[in-house]
Amino acid sequence: MAAAVSGPEVAAEGQEPLLRPGEADEEDSGRDVVETQEHYKSRWRSIWIMYLTMFLSSVGFSIVIMSVWPYLQKIDPTADASFLGWIIASYSIGQMVASPLFGLWSNYRPRREPLVISTAISVAANCLYAYVHVPHSHNRYYMLAARALVGFGAGNVAVVRSYIAGATSLMERTSTMANTSACQAVGFILGPVFQTCFTLIGEEGITWKLVQLQLNMYTAPVLFAALLGVINIILFFSIFREHQVDDMGRQCKSVNFEGEESNIPDQDAEGNIDHVAVVAINFLFFVILFVFAVFETIATPLTMDMYSWTRKEAVFYNGIILSMVGIESVIVFMVVKMLSKKTGERAILHGGLLIVLVGFFILLPWGKKLPNIQWQEIKNNSIPRTAATEMLMPFWSLQATPLPSNHTVEPVGCPVTQSWCLNTPMIYLAQYISSDILIGLGYPVCNVMSYTLYSKILGPKPQGVYMGWLTASGSGARILGPVFVSQIYTRLGPRWAFSLICGVVVVSLLLLEIVYKRLIAFSVRYGRMQEENC
């Protein structure tokens with residue numbers, strides 16, 4: 001690698017120096033940014049490998065999400081929907097545990113190590129998922145372990161984010177973080193699409209008796225994900241290289257380099273991280289992920305209660321709506337890269353939270369018309385007690401809930417056992433669609449800006465552990481979202497649920513106002529760079 005030097009010098013012989021945008025201004029101020037063409041290409045090839053890793057991580061979660069319940073029923077008919085909740089939550093629990101561990105690992109060793117090991121764990125876990133039908137008993141627990149291990153492997157998200165933060169300058173940071181989030185969003189969108197394609201194989205599929213492998217609509221997706229993981233590992237060894245640059249784009253020394261090290265002392269790492277800003281961003285990120293998890297989880301029960309949709313209609317229509325929201329998010333990720341250059345990340349984060357607040361405020365019941373009441377199966381007027389495990393049951397499990405034996409037509413409407421149905425006005429479909437559009441606009445903005453500001457606040461310091469905690473806070477939020485829906489929405493209704501969400505977002509806005517001036521880049525804080533929309 002070519003080293004950056006204090007005076008105007010040339011790169012190593014035979015290599016053409018590449019000066020980053022703003023070179024002339026930087027030379028005038030006594031700062032040189034020297035990067036050879038070879039180094040530049042290698043750095044960006046490695047960043048693209050990180051994009052792919054993020055994409056595969058989200059695919060690993062979503063590629064089986066719609067088939068977990070029927071596969072669980074097939075391998076273990078005694079399993080109920082409450083156990084399904086634990087299986088879904090196990091992915092986020094595994095990721096929450098692993099993220100700080102992989103992040104710590106990446107702080108002291110070459111990042112290739114945790115990346116390869118975590119991906120190998122995901123590959124092995126997907127293979128285990130394909131074989132959960134083989135044991136004669138306890139099949140559901142094997143499935144639980146498989147999904148938890150897939151989530152554990154997905155803890156490499158912290159390593160991906162920390163690598164990208166360390167391998168980009170401040171000018172490149174927002175763009176690369178937006179691209180990373182876009183790859184993650186595309187993975188969540190395409191996962192169910194891959195699953196749909198594999199349904200053509202059917203439930204029986206093909207059996208390879210020699211290795212006891214059943215290739216069917218349930219196992220083919222995870223085996224495909226395992227194959228992609230193997231390809232990812234090959235790319236880690238063949239293309240991925242360690243790179244570290246400071247906030248101005250100059251190469252600097254890092255403990256992550258294998259064998260070859262830059263001879264540039266990392267002087268910019270001197271100084272303390274603003275931990276108040278770090279804690280504030282972690283809280284804001286938790287709130288952002290929490291409200292979006294509530295938004296995803298509440299979609300089906302809300303539309304079934306308000307619009308008398310059947311389970312099949314609710315899953316189908318909300319699937320379309322969430323797909324459109326996903327596409328909207330990818331577009332927003334691309335637009336926000338350009339917008340941040342003019343307004344800065346803090347202002348955009350503030351605007352994103354305001355949009356989310358308006359989105360949930362619109363969902364508050366305002367009119368006088370009540371929803372249709374579901375009078376079938378009335379036992380009494382009390383609200384049924386929810387078991388602890390059922391609090392984690394996701395909305396899509398409703399699709400497979402069997403009808404009562406004495407009914408041939410599925411009862412629709414707002415169940416009278418939810419006492420709030422009798423006095424809470426309905427939420428009109430126009431309100432719901434408008435809210436979807438606004439939340440789909442505000443969420444990706446907040447997501448990208450949180451990661452970008454966080455990485456800039458940390459600066460040239462090793463970011464693995466810090467990114468691990470940020471990822472863990474997001475995983476915890478995704479676990480608590482369904483719990484909030486089951487406890488607040490089901491028992492108290494949408495007025496209380498959305499009012500509380502609005503209150504949480506308002507608190508987040510107030511916190512953002514308090515710490516606004518502290519959310520600046522590490523180099524700006526210590527006067528090494530001037531603030532230009534940082």
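These legends go with a set of views of one predicted protein model.

**View 1. The whole chain, with its 16 helices and six strands.** Here's the predicted model in full. The protein chain runs to 534 residues, and 56% of them count as buried. Look at contacts between residues at least 6 apart in sequence, and you'll find that 81% join residues at least 24 apart.

**View 2. The surface of the protein chain.** The accessible surface adds up to about 22800 Å². Carbon and sulfur atoms account for 64% of that area.

**View 3. Helix α5, residues 112-130.** This helix is 19 residues long and spans 27 Å from its first C-alpha to its last, close to the expected 27 Å at 1.5 Å a residue. Plenty to look for along α5: its buried residues include Arg112, Pro114, Leu115 and Val116. Further along α5, Ser122, Val123, Ala125 and Asn126 are among the buried ones, and so are Tyr129 and Ala130.

**View 4. Helix α8 (residues 170-198) packing with helix α13 (residues 429-458).** Two packed helices are described by the angle between their axes and the distance between the axes. For α8 and α13, the angle is about 140 degrees and the axes sit 9 Å apart. Angles over 145 degrees would count as roughly antiparallel, so this pair is classed as oblique. The crossing of α8 past α13 is right-handed.

**View 5. Zooming in on where α8 and α13 meet.** On the α8 side, pick out Leu170, Arg173, Thr174, Met177, Ala178 and Ser181. Across from them, α13 brings in Asn447, Val448, Met449, Tyr451, Thr452, Ser455 and Lys456.

Technical notes: Residues are numbered from 1 along each chain as its sequence is written. This is a predicted model: local features need pLDDT of at least 70, side-chain atom pairs count only at pLDDT 80 or more; totals for chains, interfaces and linings use all residues. Side-chain values use heavy atoms; hydrogens and water are left out. Helices (H or I, at least four residues) and strands (E, at least two) are DSSP runs, numbered from the N terminus. Buried means under 20% relative accessible area, exposed over 50%, partly exposed in between (1.4 Å probe, protein chains only). Contact means heavy atoms within 4.5 Å. Accessible areas come from the Shrake-Rupley method with a 1.4 Å probe; for residues, only the protein chains shown count as cover. The expected span of a helix is 1.5 Å times one less than its number of residues. Axes are lines fitted to C-alpha atoms, for helices over the stretch in contact, and angles run from 0 to 180 degrees between N-to-C directions. Angles under 35 degrees count as roughly parallel, over 145 as roughly antiparallel, 65 to 115 as roughly perpendicular and the rest as oblique. A crossing is left-handed if the near helix is turned anticlockwise from the far one by less than a right angle, and right-handed if clockwise.
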